[in-house]
Amino acid sequence: MSDMTAATCAGYIKALTGYTTTADDQTLIEYILSAERQHILNDINQNKLPDGLQYDLRDIVAGRFLMARKAAIIGDDALNVVKSISEGGVSVSIGGTTAEERIDALTKALLKERDYSCFRKLRW
């Protein structure tokens, strides 16, 4: 798999919420993507993000973006927050009756705690 891009993250956000990102949003997504990629690389002590972490990075970027732009996303007329997410054998149901509650639940699911220890290189 190639490195995660801002365009891929923007497409994922659209798939989750129906919100189409703007040029300003793209700049924010690129910033979050760069910062979160570096954070993971620092945690695992590697120079290149392993393929197994690309989707985790995408989820984290989407979650951080939803936190930052929640008001704009909720105000979007085309808002359609997913009610459940399934990847492989794992399924997460998004609770809440209002759009804000579903965005909050979605953000919580995307920003769940992750353990990268199996990808970590030891420093000598």
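Q: How many aromatic pairs does the count come to?
A: One (rings of Phe, Tyr and Trp, the last by its six-membered ring, with centres within 6.5 Å). This is a predicted model, where local features need pLDDT of at least 70, side-chain atom pairs count only at pLDDT 80 or more, and totals for chains, interfaces and linings use all residues. Residues are numbered from 1 along each chain as its sequence is written, and side-chain values use heavy atoms, with hydrogens and water left out.

Q: Which residues form the aromatic pair, and at what angle?
A: Tyr-19 and Phe-65, with centres 6.3 Å apart and planes at 40 degrees. That makes the pair tilted (under 30 degrees is stacked, over 60 edge-to-face, the rest tilted).

Q: What does the pair tie together?
A: Parts 46 residues apart in sequence, because Tyr-19 lies in the loop between helix 1 and helix 2, while Phe-65 lies in helix 3.

Q: Is Tyr-19 buried or exposed?
A: Tyr-19 is buried, at 8% relative accessibility (buried is under 20%, exposed over 50%, partly exposed in between, with a 1.4 Å probe and protein chains only). Phe-65 is buried too, at 0%.

Q: Which helices give two or more residues to the largest nonpolar core?
A: That core has 30 residues (buried Ala, Val, Leu, Ile, Met, Phe, Trp, Tyr and Cys, joined through side-chain atoms within 4.5 Å). Helix 1 (6-17), helix 2 (23-44), helix 3 (54-68) and helix 5 (99-110) each give two or more. Ile-29, Ile-40 and Leu-106 have the most contacts inside the core.

Q: New topic: how many helices and strands are there?
A: Five helices and two strands (DSSP runs numbered from the N terminus: H or I of at least four residues, E of at least two). Along the sequence the pattern is α-α-α-α-β-β-α.
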